[in-house]
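This report describes one protein chain, moving from its burial and helices to its polar pairs, its cysteines and its surface. Please keep the model open while reading.

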Amino acid sequence: MSHLFAVLSTVIGIYSLLCFIRIILTWVPSLSYSGFARFLAQICDPYLNLFRGIRWLRLGNFDLSPALALCALGAVTTVLGNIANRGKLSLAVLLAMAIGLVWNIIHSLLFFLVILMAIRLILLFLNKDFSNSPIFEVLDNSISPLAFRITSTFTHGRSVTYKTALITALVVLLVAILVGNIVIGQFCILLGNLPF
């Protein structure tokens with residue numbers, strides 16, 4: 001029976017990879033209409049579309065529904081893998097996996113913000129003027145309130161530049177990711193080892 005769960009876990013893991021490739025291909029218009037991309041669309045889009053209608057997963061022009069779809073597949077893969085490895089599933093393991101899944105979603109969102117802020121910061125340091133670009137206008141409108149809000153907790157209301165706000169927010173988010181990984185990881189290990 002454990003072999004069946006191991007095979008199912010592997011198949012869902014491969015499907016997750018295909019969905020991830022499909023998501024990446026949608027970001028490159030010239031590749032999104034290739035034969036391979038159309039094949040992936042037929043396989044992956046029915047599943048991905050289940051999450052596209054969730055309104056709270058849209059932040060401005062950013063659609064985070066693919067991230068939740070991949071997290072859900074990851075959760076199923078983890079549950080099936082744990083059943084295959086342990087032969088059974090306990091309440092403690094389920095709780096550890098649920099906490100781990102919630103942290104993975106938060107971690108993914110924080111890491112996405114880190115990437116966006118890093119890209120914007122690099123462009124600011126390169127003195128590239130994208131003030132007329134609608135993409136960067138949306139990017140700035142999405143991340144600047146968060147960057148300034150994070151920075152305001154350390155500056156006590158003093159005015160700071162956008163660069164300073166981005167640097168501060170990047171450091172705080174990276175520290176939050178690092179500390180969260182350590183604390184949640186250790187907690188999940190302890191919880192998963194409980195006998196119930």
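Here a residue is called buried when its relative accessible area is under 20%, exposed when it is over 50%, and partly exposed in between, with a 1.4 Å probe and protein chains only. The model is a predicted one, in which local features need pLDDT of at least 70 and side-chain atom pairs count only at pLDDT 80 or more, while totals for chains, interfaces and linings use all residues. Residues are numbered from 1 along each chain as its sequence is written, and side-chain values use heavy atoms, with hydrogens and water left out.

**Overall layout**

Helices (H or I, at least four residues) and strands (E, at least two) are taken as DSSP runs and numbered from the N terminus. On that basis the protein chain has six helices and two strands, in the order α-α-β-β-α-α-α-α from the N terminus on. Its C-alpha trace spans about 60 × 45 × 30 Å along the principal axes, and of its 196 residues 34% are buried. With contact meaning heavy atoms within 4.5 Å, 58% of the contacts between residues at least 6 apart in sequence join residues at least 24 apart.

**Helices H1 and H3**

The expected span of a helix is 1.5 Å times one less than its number of residues. For H1, with 25 residues, this gives 36 Å, in agreement with the 36 Å between its end C-alpha atoms; helix H3 (residues 65-86), with 22 residues, reaches 31 Å from its first C-alpha to its last, close to the 32 Å expected. The buried residues of H1 include Phe5, Ile12, Ser16 and Ile23, and the buried residues of this helix pack against H2 and H3. One example is Ser9, which lies in helix H1 (residues 2-26) and counts as buried at 11% relative accessibility. Leaving aside residues up to four places away in sequence, Ser9 touches Thr77, Leu80 and Gly81, and these three residues are among the buried ones in H3.

**Salt bridge and cysteines**

A salt bridge is a side-chain nitrogen of Lys or Arg within 4 Å of a carboxyl oxygen of Asp or Glu, and the structure holds one. Asp45 forms a salt bridge with Arg22, the closest N and O atoms being 2.9 Å apart. Asp45 lies in helix H2 (residues 35-52) and Arg22 in helix H1, so the pair ties together parts that are 23 residues apart in sequence. Both Asp45 and Arg22 are buried.

For disulfides, defined as pairs of cysteine sulfur atoms within 2.5 Å, the count is zero. The table sets out two of the cysteines.

| Cysteine | Nearest cysteine sulfur | Relative accessible area |
|---|---|---|
| Cys19 | Cys44, 3.6 Å | 0%, buried |
| Cys71 | Cys19, 12 Å | 14%, buried |

**Surface**

Accessible areas come from the Shrake-Rupley method with a 1.4 Å probe, and for residues only the protein chains shown count as cover. The accessible surface of the protein chain comes to about 12200 Å², of which 71% belongs to carbon and sulfur atoms. Patches are built from residues with over 30% relative accessible area and no salt bridge, like charges being joined within 9 Å and nonpolar side chains (Val, Leu, Ile, Met, Phe, Trp, Tyr) within 5 Å. One nonpolar patch on the surface, with about 720 Å² of accessible area together, is formed by Phe125, Ile167, Val171, Val175, Leu178, Val179, Ile182 and Val183. Helix H6 (residues 162-192) gives the most to this patch, with seven residues. Val179 lies in helix H6 and is partly exposed, with a relative accessible area of 45%.
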